[in-house]
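Let's take a walk through this model together, starting at a small sheet and ending at the pockets and rings.

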Amino acid sequence: MQYSKNNKDELTDIAREITKLLRDKYRNKDGVFIQGRVGEEIITNPIIDDFGDVAPFISLYGGEDMCRDHIFFIQKNINNLGFKRAFAYTDLILGLIWYSRIGEMKKESLELAIQLAEQVKDRWVRGGKTYSASYLGMTLPITNGIDSTFIEVWTELFRETGDSKYSSLATQAHQYFRSIHTEHKSKVIPLHYTDSPFGFFVKRFYADKFSNVNVMKDNTNYLFGLLDMIRLGVDVELAKDSFDTVHQVLSYHAKNNSLNNSLTKDVYSDLLSSFSFIDLSCDAYKLIGEVKYLEPAKQLAEYWLSLPVSVTKLFPNNYNSQVSYFDSETDMAIALLKLHECTNDIRYHDKAIELLNGILKFHKKENGFILQVNINDGLVMSESIKTKFVALFIKLLHLVSEGGSIYKDETLFMLAKDR
């Protein structure tokens, strides 16, 4: 099936088919989603921490029963979810908040989000600093860059409850991560950070972990969080200053087609970092109204659009590779939909639809959506199927079938988020 403006109902049917597939093939005996499969091998690891990647989307297409199963499981096991790192809480809390806005169990899901947030505050926040690791039950004074995501956890809870303790937590988290990227030689957030007196020895033995960076999530989620602070009027001037500092570094690489996840300047861009940067740059432009955020996103998009059109019409996962990556195709399509809204350039919308059709034609298989294909001939390069990526594809189907403005519809804007 190929999407056209005349068959939006078929996209809805596919979304419902995916929901049924997830119900029938990708849950354990408790009704909790499992990781997925590789060929015929079922990977049974539960993914309760990926609730935000699944629940809001299946809720819209006949999956309320599965959302209820997950909420009942969380209620029953809330003090024994087995999370050993702080980041595991982020997608679960955000997912519960987002689901609470559209799902049937609104009260229960928001209450769970608040309870889990208290666990985070008690276990992982020390003196305004966010710590990420534990050993033998003890919280260690080491921060993972990816936990900058907590800024948006706190802003979302502030939006939902109006409780100023969450705006204070967001401000404290921002101040902490701001100090980290201000201190770092790259001026962005590194993979790991510690200011412990014993940190010298740790950094000596694990130098790369404290000097290298990840663009995706570590820094892009930080910037999304800062935008939400600005949106809510929380410490606006300082949040904007921090946003500009990090965005400027990423913009340099975007303009030079070297926006790869490690910011290695002689390496071409990868799709993972590119869609995130375009996405957040569009959000910044729409929120703040300054064209300086939009221009590097347009330049980066043009690099991708300048690639020779492949048989599959898909993008490679790295600018100079030949292999796709299912989830990044989904998110790049959504980023291009946003870029179209910001520019009115129909080419971005058309390419998003090409990606949608390429996914349906080449990634969609009997048991779900496989992870990778060769973009030139559609040959399967990886038979892995990840449950959360399959569910997240509903996001693109929904945005296209709804056909509304992401930036004028609060629900569509929420559902378009990728964290």
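Which helix lies across β1 and β13, and at about what angle does it run to β13? Before the answer, a word on ground rules. This is a predicted model, so to speak of local features we need pLDDT of at least 70, side-chain atom pairs count only at pLDDT 80 or more, and totals for chains, interfaces and linings use all residues. Residues are numbered from 1 along each chain as its sequence is written, and side-chain values use heavy atoms, with hydrogens and water left out.

Now the answer: helix α16 (residues 387-402) lies across the two strands, running at about 60 degrees to β13. Contact here means heavy atoms within 4.5 Å. Helices (H or I, at least four residues) and strands (E, at least two) are DSSP runs, numbered from the N terminus. Axes are lines fitted to C-alpha atoms, for helices over the stretch in contact, with angles from 0 to 180 degrees between N-to-C directions.

The sheet under that helix is an open one of three strands, in the order β2-β1-β13, with antiparallel pairing. Two strands pair if DSSP finds at least two bridges between them. On the edges sit β2 (41-46) and β13 (384-386), each pairing on one side only. From one strand to the next, the twist averages 15 degrees.

Follow β1 (residues 34-38) first towards β2: the two are antiparallel over four bridges. Ile34 stands opposite Pro46 in β2, and Gly36 faces Ile43 in β2. These strands form a hairpin with two residues between them, and Gly39 in the turn has a positive phi of about 60 degrees. On the β13 side, three bridges join β1 to its antiparallel partner; one pairing is Arg37 with Ile385 in β13.

Next, the pockets. A pocket is an open set of points on a 1 Å grid over the protein atoms alone, where a 1.4 Å probe fits, with protein on both sides within 12 Å along at least five of seven lines; lining residues have an atom within 4 Å of a point. Grid points are joined across faces, edges and corners, and a volume is the space filled by probe spheres set on the points.

The largest pocket has a volume of about 480 Å³. Its lining counts 24 residues, with Asp53, Lys217, Asp327, Lys388 and Phe389 nearest the centre. Helix α16 turns up again here: along with α4 (88-102), α10 (215-232), α12 (271-288) and α14 (326-343), it supplies at least two lining residues. By class, the lining has nine nonpolar (Ala, Val, Leu, Ile, Met, Phe, Trp, Tyr, Cys and Pro), 13 charged (Asp, Glu, Lys and Arg) and two polar residues (the others, Gly among them).

The second largest pocket holds about 390 Å³ of space. Of its 18 lining residues, Arg231, Glu410, Thr411, Phe413 and Met414 are closest to the centre. Helix α17 gives the largest share of this lining, four residues.

Last stop, the rings. There are 16 aromatic pairs, counted when ring centres of Phe, Tyr and Trp (its six-membered ring) lie within 6.5 Å; planes under 30 degrees apart are stacked, over 60 edge-to-face and the rest tilted. One of them, Tyr268 with Tyr319, is tilted, at 5.2 Å centre to centre and 40 degrees between the planes. Tyr268 lies in the loop between α11 (236-255) and α12, and Tyr319 in the loop between α13 (294-305) and α14, so the pair ties together parts 51 residues apart in sequence.
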